[in-house]
Amino acid sequence: MTGEQRTDPRLSGRQRTGAWLPTLRLVRLYAVGRRVPWALLATVVCAIGLRLTLLGHWDAYGALQLPLIFEAAVAVSIAATVAGPFGEPERVTGRWLPFLRPAVTVALTAAAVGLLAAAGTGGHLTGGTLDVLRNVAGFTGIGLLCAAAIDGALSWTGPTAYLVAAVYALYTQWHPPALTTPWLWPARPPHDLGAALCAALVFACGLAAITPRGARDRPGSPAAT
Amino acid sequence: MNIEITGLTRRFGAVQAVAGVDLQVGPGVFGLLGPNGAGKTSLLRMMATAVPPSSGRLRLLDRDPGRYGPRREIRRRLGYLPQNPGYYPGFTVAEYVEYFALLKEVPPARTRTAVATAIDRVELGDRRKARLRTLSGGMLRRVGIAQAIVNEPELLLLDEPTAGLDPEQRVTFRSLLRDLGQRATVVVSTHLVEDVAAACARVALMDRGRIVFHGTPDGLAASGDGQAAGDTPIERGYSAVLAQARS
Amino acid sequence: MSAATSAPAAADQRPAATRADLVVLRLLRLELRHNAMAWLLPIAIGLFWLTTYRKDMAQLPLWNLRAAGLQSGAVLDFAVPVTGAAAWTASREARRRLTDQVSVTARPRWARLLAPWAATTIWALVAYLGCAAVLYGVTEHQVGWGGPLWWPAAVGAASLPAFSALGFAVGTFLPSRFTAPLAAIAAFFLLALTTQPIHGSQSAWQISPIVTGPWDLGPQGVSATFYPFVPDLPIAQVMFLAGVTAALLALLALPAGWAGRSVRVAATGLTTAGLLAAGTAVALAGTGTMDAQGMIDIPALHNTADDQPLRFTPVCSDTAIPVCLNPAYAAELHLVTDTLTPLLDQLAGLPGAPTRILQTGVVLQQASNGVSARPAAPRASGTAHVFPLVLPDELPGPSMTAKGLASQLQDQLAQSYGPNLVARLVDYQPGESPAQDAVAKGLLLAAGLPGAQAPSSGPDRADPNPWPDLAPGTPAYAAAERFAALPASTRHAWLVQHLAALRAGRITLAQLP
């Protein structure tokens with residue numbers, strides 16, 4: 001009901017700043033609609049949990065598996081933000097969503113890696129920051145693939161199943177038969193190139209899967225909460 | 001009287017949704033009109049025992065819904081279609097209606113018949129095995145109506161029941177309403193005054209949480225003056241009563 | 001829409017009491033058809049195959065190992081998905097915006113919620129029981145003696161309603177898109193965390209359903225083979241899980257308006273009883289001690305009949321010196337016989353040689369730095385020439401595959417068992433006779449055990465034995481090599497003739513052939 005607005009090429013600095021405001025506001029509203037603040041809160045809680053966990057004395061197996069659980073928890077929280085509450089009305093609006101989806105996911109993943117790595121600073125974080133980066137990215141990639149393939153609300157199924165398999169793969173380092181494929185990257189050392197490539201590939205595929213259409217939702221299905 | 005309301009209020013935080021409503025409704029079809037935000041849905045949710053009143057007195061089917069036992073008895077005799085009903089997309093039409101029949105404690109021996117009857121009455125007999133995710137918006141609305149009437153309620157509360165129905169379905173639905181109103185109290189909340197004019201014996205008009213008109217559709221139509229907006233007499237009456245209430 | 005009518009449902013025409021059981025069954029049938037757990041079963045079964053079945057099948061075919069593997073593995077495989085599925089199912093009314101519609105129906109909220117919980121649990125249980133049946137069925141074909149251990153399987157089964165109830169309660173009270181994933185991960189965290197504080201057998205944390213015995217000991221082959229399976233810990237675990245399940249489910253009836261007064265009173269009682277049962281079970285687990293057979297004894301639950309050794313007829317090899325094992329280890333007989341035969345062939349028919357090798361159990365003891373093991377006294381009577389044997393998979397340590405067992409058996413033979421056998425034959429005494437050293441070494445060399453070292457602590461000698469090293473190039477070593485190079489019949493004939501003198505220390509190196 002309003003007329004089309006044209007952009008004046010001779011905008012002043014203040015006007016240019018003003019032009020960014022709608023974009024920032026869009027990012028904020030997109031994030032709020034997908035419960036990104038809650039995901040961030042969950043990540044902060046996980047980081048605190050990891051920090052508290054690292055205060056304890058664990059055996060070698062526990063020291064490897066406990067950080068992995070927190071990494072999986074932040075990954076499922078990130079994957080849970082992919083589901084959009086508005087469905088088709090939102091999907092048919094302009095060109096921003098294919099940028100917003102991967103951008104917000106990457107930003108959340110980076111924040112999660114940063115928070116977990118910070119939580120591990122000064123503690124005995126087995127594997128160090130590289131391990132956290134690889135595992136969080138890989139877990140998140142699995143969650144994104146599940147969101148795109150199954151349903152946004154069920155995006156957690158893949159990462160949680162993978163967590164059980166990965167922890168078992170860690171266990172087989174002490175108890176044969178060993179599982180040593182790089183596709184079970186959490187069981188490989190942090191400098192293992194094959195494992196890092198597998199995790200990166202899964203994360204990239206996950207991002208690619210959610211970029212064009214977001215999480216899968218079925219026609220007639222009420223929006224996810 | 002199947003619905004007796006005295007001084008009923010409902011607050012949601014700082015918002016006063018219903019502000020001292022007095023109402024008595026007997027058998028038949030009763031229309032609840034009002035603009036957006038008038039408090040119709042809040043009043044209907046209280047009548048449906050979905051939310052308790054903040055204050056005031058509410059009696060339904062001669063029972064006090066504030067107490068657990070009587071409330072359960074009321075609910076056995078209640079049908080309710082919310083404004084935005086939810087669905088389990090994986091359920092078929094028959095399963096969805098059966099699910100509500102079981103929750104409403106329809107006697108097991110009558111469940112299958114009741115489900116089939118309710119589905120037939122909303123003319124979805126040929127889609128009874130269709131999954132809800134495959135239905136159109138209008139069909140979903142009819143499924144919602146079927147679940148509301150599956151227990152043949154003595155008190156039927158319908159919030160915007162004709163939203164999404166095509167004109168032909170709306171005409172048929174009004175006929176169903178009149179039929180249901182012969183033996184039950186049916187309260188229909190709607191924006192569509194022509195539905196009220198066609199199907200309701202009595203009508204109340206709400207605005208800002210209060211009832212500003214209570215009478216017959218003809219009485220509402222007669223309230224209109226020559227200057228009120230509207231294409232039909234009842235629309236003009238509706239506009240005039242609202243304007244008067246706000247002046 | 002049709003205005004065709006049917007008879008109105010007047011209240012007075014309703015039966016006084018509906019057939020509640022039929023209604024519940026119909027509701028359950030609907031829930032079973034549309035339950036999320038059904039869709040997660042491939043994941044749970046896949047995990048079971050990867051982390052439990054595969055691992056169990058790689059272990060030696062012993063009922064106790066397979067049962068322990070089933071309990072600890074399957075609980076993780078199924079508890080995580082069932083917790084997530086239950087939380088997801090419980091939050092569906094809010095997610096699908098059905099709260100108003102269903103909350104105004106006559107069926108009390110707690111009763112309505114029990115149906116999807118039951119459906120989630122039933123799907124998980126059916127899949128778990130199917131997986132357990134396959135694992136036990138395959139084990140039945142591989143194991144010739146003993147029978148399935150049901151208590152570990154029961155603990156696994158009891159875990160699923162408990163974790164389902166946990167997820168369901170969380171999903172009911174905190175419905176959100178984050179609930180299901182975080183509940184599933186939290187369940188895993190809970191299970192992983194509970195095993196970490198266990199040090200020694202007197203730990204209340206042993207109540208964790210993935211604990212199958214003394215945590216420091218690991219899966220133990222010897223338990224429940226020479227003595228009956230002691231179900232004390234599984235009983236406490238089932239009690240704990242049942243208590244938790246009851247308390248969590250009863251919790252659903254406690255909020256005002258979710259159930260009638262009488263139901264809420266009953267639910268309060270059930271919650272209290274459940275918590276008491278769970279608390280008691282935790283306390284009982286804390287009183288457990290590891291018995292000599294590597295199982296947890298809880299005094300308040302212990303049945304002394306379980307302390308009586310099992311009667312069995314050993315399975316023996318058809319060799320010159322029979323090798324006899326507990327029938328539970330029958331599958332290992334061939335391997336053990338093949339490993340021992342080269343040495344036993346050297347000894348067969350000699351005066352003082354063992355007439356039989358008999359497997360014996362071990363006596364385990366909790367020590368400050370773990371678990372120590374020593375061989376139990378052999379129970380065969382009146383046989384001075386019965387030589388005991390403790391298999392490597394009876395000792396505390398990591399789980400073992402058949403390949404690992406063969407390797408460890410060879411090491412055991414070379415490093416302790418073989419030297420001990422020979423030392424016993426020649427009646428070796430420290431520093432007494434170089435000829436004894438040379439003959440013993442020669443027998444080991446002849447048996448293909450060139451790397452055999454002096455016995456340090458064999459199963460029949462409590463203390464380390466200062467067996468002198470025979471360095472290559474020494475006269476004793478040369479005599480040993482010479483003795484080993486003799487034809488078997490010549491060596492045997494010489495030993496028959498001179499073994500008594502050798503034992504008495506009357507043979508010198510020069511007298512050796």
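**Entry 1: the annotated stretches of chain A**

I began with the UniProt record, an unreviewed entry, which annotates residues 38-58, 64-87, 99-120, 132-150 and 194-211 of chain A as "transmembrane region". The model I am looking at is a predicted one, so I wanted to see what it shows for some of these stretches.

I looked up residues 38-58 of chain A, and there the chain is 81% helix and 0% strand. The end C-alpha atoms of this stretch are 30 Å apart. Next I tried residues 99-120 of chain A, and I found 100% helix and 0% strand, with 32 Å between the end C-alpha atoms.

**Entry 2: two helices of chain A**

I learned that two packed helices are described by the angle between their axes and the distance between the axes. My pair was helix α6 (residues 128-149) and helix α8 (residues 193-213), both of chain A. Their axes come within 7 Å and cross at roughly 35°. I noted the crossing of α6(A) and α8(A) as left-handed.

Which residues make the contact? On α6(A) I found, among them, Ala137(A), Gly138(A), Gly141(A) and Leu145(A). On α8(A) the list includes Ala199(A), Val202(A), Phe203(A) and Gly206(A). I sorted the residues of this contact by kind and got 16 nonpolar, 4 polar and 1 charged. Arg134(A) of α6(A) is one of the contact residues, too.

**Entry 3: a sheet in chain C**

I then turned to chain C, where I found an open sheet of 4 strands in the order β3-β4-β5-β8, with mixed pairing. Why is one side of β3 (315-316) and of β8 (386-389) left without a neighbour in the sheet? These two strands of chain C stand at the edges and each has a single partner strand, so there is nothing in the sheet on the other side.

I followed the middle of the order as well: strand β4 (residues 323-325) and strand β5 (residues 356-359) of chain C pair in the parallel sense over 2 bridges. I spotted Cys324(C) opposite Leu358(C) in β5(C). Helix α11 (residues 330-347) of chain C packs on the sheet and touches β3, β4 and β5 of chain C. I noted about 155° between the direction of α11 and that of β4(C).

**Entry 4: where chain C meets chain B**

Last, I looked at how many residues each chain gives to this contact: 34 come from chain C and 45 from chain B. On the side of chain C, the elements giving two or more residues are α1 (20-33) and α5 (99-103). The largest share, 5 residues, comes from α1(C). I sorted this side of chain C into 15 nonpolar, 10 polar and 9 charged residues.

Notes
Residues numbered from 1 in each chain as written. Chains lettered and ligands numbered in written order. Predicted model: local features only at pLDDT ≥ 70, side-chain atom pairs only at ≥ 80, totals over all residues. UniProt positions renumbered as here; feature names shortened; annotations may be inferred. Pairing = 2+ DSSP bridges. Contact = placed C-beta atoms within 7 Å. Axes fitted to C-alpha atoms, helices over the stretch in contact; angles between N-to-C directions. Left-handed = near helix turned anticlockwise from the far one by under 90°. Nonpolar A, V, L, I, M, F, W, Y, C, P; charged D, E, K, R; others polar.
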